[in-house]
Amino acid sequence: NSSDLSPSSFILASIPGLEAAHFWMAILLCSVYILAVTGNCVVLFIVKTEPSLHAPMYFFLCMLAAIDLALSTSTVPRVLSFYWFNTREISFGACLVQMFLIHTLSAIESTVLLAMAVDRYVAICHPLRHAAILTNSVTVKIGLVAMARGVLFFLPLPLLLLPLPFCSSRVLSHSFCLHQDVMNLACANTTPSVVYGLTAILLVMGLDAILICLSYILILKAVLRLASWKERLKVFSTCVAHICVVLAFYVPLIGLSVVHRFGKDLAPLVHIIMGNIYILVPAVLNPIIYGVRTKQIQRRILNLIHINND
């Protein structure tokens, strides 16, 4: 019951027993997607039109917004098509492209989060040198390096799967394509793909997480050297938004990895929910977090609302 050729398509996962609720699930998913798109577009618009926000931290925030828009748009419309029109099949080529986009964009987002942690470290520990170290040109170069890093590390993933034969079962465990999910359907030795995928994740997301933690250890040491608790809280409060965004990215990522590794016997609903959380939670929360924590963005949003009401 196996084929010597790659399948023409895969079958996206559905939740057994809840097929009748697909329409309402799609409404909920579409509402969250619209919220994510709106929030990130507002952030991009405000930073572009407000000269006082033309600084490295806000340029990094724009990068996050663009990544979240691309990541959610590369998956959610296809999932909505599945829920609304029952188009469960996705072609093999489209699946590999979607898989590449998801992993590459996640790697780019991880790198940008690391760059934002470095920005906070320099701003707090070396404030007088911040403007000289993190110039606009350096910020652009960091963005280009993040893109190149994501593409170079994760382009081999679909290429390693391309020549593999696949079993008769073509049903994925998510509503979109992930590397480990597709790899598990292969009927051949997947050791090279397993080893490379794990290595890429450790060298990108794993290393970034370690360096982000190291940055905050150094920030805490600098903050604790300040004279008063009031001053310490004031300085550290500039990091709260970034810490929340880091948690919004890494917690779903770790949760999804744990489900893939240890959750083979879990209900399909768990896999699908964890996958959707991984794709949508950062995209929804990031603009909300920075909108709540950044006074300049708050004022600009309130001005926009006031102008529209007039």
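**Figure 1. Helix 2 against helix 4 in the predicted model****.** The axes of helix 2, which covers residues 56-73, and helix 4, which covers residues 92-125, come within 10 Å and cross at roughly 165°. Since angles over 145 degrees count as roughly antiparallel, that crossing makes helix 2 roughly antiparallel to helix 4. The crossing in which helix 2 passes helix 4 is left-handed. On the side of helix 2, the contact is formed by Pro56, Met57, Phe60, Leu61, Met63, Leu64, Ile67, Asp68, Ala70 and Leu71, and these meet Leu101, Ile102, Leu105, Ser106, Ile108, Glu109, Val112, Leu113, Ala115, Met116, Asp119 and Arg120 of helix 4. Sorted by class, the contact of helix 2 with helix 4 holds 17 nonpolar, one polar and four charged residues.

**Figure 2. Helix 4 against helix 11****.** Helix 4 also has a contact with helix 11 (residues 240-262), and the axes of these two helices come within 11 Å and cross at roughly 155°. Helix 4 and helix 11 are therefore roughly antiparallel to each other, and their crossing is left-handed. From helix 4, the residues in contact are Ser106, Glu109, Ser110, Leu113, Met116 and Ala117, while helix 11 supplies His242, Val245, Val246, Phe249 and Tyr250. By class, seven nonpolar, three polar and one charged residues make up the contact of helix 4 with helix 11. Ser106, Glu109, Leu113 and Met116 of helix 4 are listed in the contact with helix 2 and again in the contact with helix 11.

**Figure 3. Helix 1 against helix 3****.** Helix 1, at residues 22-49, and helix 3, at residues 76-85, have axes that come within 8 Å and cross at roughly 160°, which makes helix 1 roughly antiparallel to helix 3. The crossing of helix 1 and helix 3 is left-handed. Helix 1 brings His22, Phe23, Met25, Ala26, Ile27, Leu29, Cys30 and Tyr33 to the contact, where they meet Val76, Pro77, Val79, Leu80, Phe82, Tyr83 and Trp84 of helix 3. The residues of the contact of helix 1 with helix 3 divide into 14 nonpolar, one polar and no charged.

**Figure 4. Annotated transmembrane spans in the model****.** An unreviewed UniProt entry places the feature "transmembrane region" at residues 20-46, 58-84, 90-117, 138-162, 194-219, 240-263 and 269-292. Of these spans, residues 90-117 are 93% helix and 7% strand in the model, with end C-alpha atoms 38 Å apart. Residues 138-162, for their part, are 92% helix and 0% strand, and the end C-alpha atoms of that stretch are 37 Å apart.

**Figure 5. The annotated domain and the whole chain****.** The unreviewed UniProt entry places the feature "domain: G-protein coupled receptors family 1 profile" at residues 39-290. In the model this span is 77% helix and 1% strand, and its end C-alpha atoms lie 10 Å apart. The secondary structure of the chain comes to 13 helices and two strands. With a radius of gyration of 21 Å, close to the 19 Å that the globule rule gives for 310 residues, the chain is as compact as a globular protein of that length. The C-alpha trace of the chain spans about 70 × 50 × 35 Å along its principal axes.

Key: Residues are numbered from 1 along each chain as its sequence is written. This is a predicted model: local features need pLDDT of at least 70, side-chain atom pairs count only at pLDDT 80 or more; totals for chains, interfaces and linings use all residues. Side-chain values use heavy atoms; hydrogens and water are left out. Axes are lines fitted to C-alpha atoms, for helices over the stretch in contact, and angles run from 0 to 180 degrees between N-to-C directions. Helices (H or I, at least four residues) and strands (E, at least two) are DSSP runs, numbered from the N terminus. Angles under 35 degrees count as roughly parallel, over 145 as roughly antiparallel, 65 to 115 as roughly perpendicular and the rest as oblique. A crossing is left-handed if the near helix is turned anticlockwise from the far one by less than a right angle, and right-handed if clockwise. Contact means heavy atoms within 4.5 Å. Ala, Val, Leu, Ile, Met, Phe, Trp, Tyr, Cys and Pro count as nonpolar, Asp, Glu, Lys and Arg as charged, and the others, Gly among them, as polar. UniProt positions are given in the numbering used here, feature names are shortened, and annotations may be inferred rather than shown by experiment. The radius of gyration is taken over C-alpha atoms; the globule rule is 2.2 Å times the number of residues to the power 0.38.
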